[in-house]
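Biologist: I would like a close look at a single residue and its surroundings, set against the chain as a whole. Please give the cut-offs as you go.

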Amino acid sequence: MPVTLTVNGTRRTLDVPDDMPLLWALREVLDLKGPKFGCGIGQCGACTVHVNGNAIRSCNLPVAGVANANVVTIEGLSADGTHPLQQAWQELDVAQCGYCQAGQIMTAAALLRRTPRPSDADIDQAMTGNLCRCATYHRIREGIHRASAIAANNDASARDTDAATQEAL
């Protein structure tokens with residue numbers, strides 16, 4: 001039975017088996033290669049995507065379970081790769097091999113949406129379960145703090161622009 005969902009802002013109807021893992025629907029049917037296959041049992045986080053704004057492991061989630069949901073992959077995080085996490089990752093050269101980084105960034109994005117100024121403990125708790133074979137955990141934590149600062153600066157700049165616009169009117 002076809003399953004309809006919104007992926008990265010585009011409504012899609014997929015004619016796939018109901019029990020097909022979301023990861024395979026994204027990678028093999030929609031050709032979105034950002035989410036990675038890691039463990040296949042939802043334990044490593046390489047396949048993390050957002051489903052209705054929550055970080056979810058897609059490797060063991062049947063596609064029928066997300067019918068009519070809003071799914072965002074790393075490809076949909078920002079149209080031009082300028083999400084604060086993407087900027088911070090590049091600025092700090094967070095990734096080593098990079099295989100797990102899309103899942104790391106998607107989990108971190110969900111954290112920053114809930115907690116814009118996370119503590120080390122907040123980060124450690126949120127990122128538990130996102131494994132990195134290269135052990136770049138320290139750089140990932142630094143990247144999340146840097147992304148938080150970039151986002152705060154962007155918000156301050158937006159407020160300054162709004163205030164300047166209001167004064168000009």
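Modeller: Helices (H or I, at least four residues) and strands (E, at least two) are DSSP runs, numbered from the N terminus. On that basis Arg-27 is part of helix α1, residues 22-29. Residues are numbered from 1 along each chain as its sequence is written, and side-chain values use heavy atoms, with hydrogens and water left out. The model is predicted: local features need pLDDT of at least 70, side-chain atom pairs count only at pLDDT 80 or more, and totals for chains, interfaces and linings use all residues.

Arg-27 has a relative accessibility of 16% and therefore counts as buried (under 20% relative accessible area, with a 1.4 Å probe and protein chains only). Leaving aside residues up to four places away in sequence, Arg-27 touches Leu-32, Lys-33, Pro-35 and Lys-36, a contact being heavy atoms within 4.5 Å. With Lys-33 there is also a polar link: the Arg-27 side chain reaches the backbone oxygen of Lys-33 at 2.9 Å (a polar contact is a pair of N or O atoms within 3.5 Å, one able to donate a hydrogen and the other to accept it within protein; residues adjacent in sequence count only if both atoms are side-chain atoms). Phe-37 is 10 residues from Arg-27 along the chain, and their C-alpha atoms are 9.3 Å apart.

As for the whole, the protein chain has six helices and five strands, in the order β-β-α-β-β-β-α-α-α-α-α. Of its 169 residues, 42% count as buried. Among contacts between residues at least 6 apart in sequence, 60% join residues at least 24 apart.

Notes: Buried < 20%, exposed > 50% of the residue type's maximum accessible area, 1.4 Å probe, protein only.
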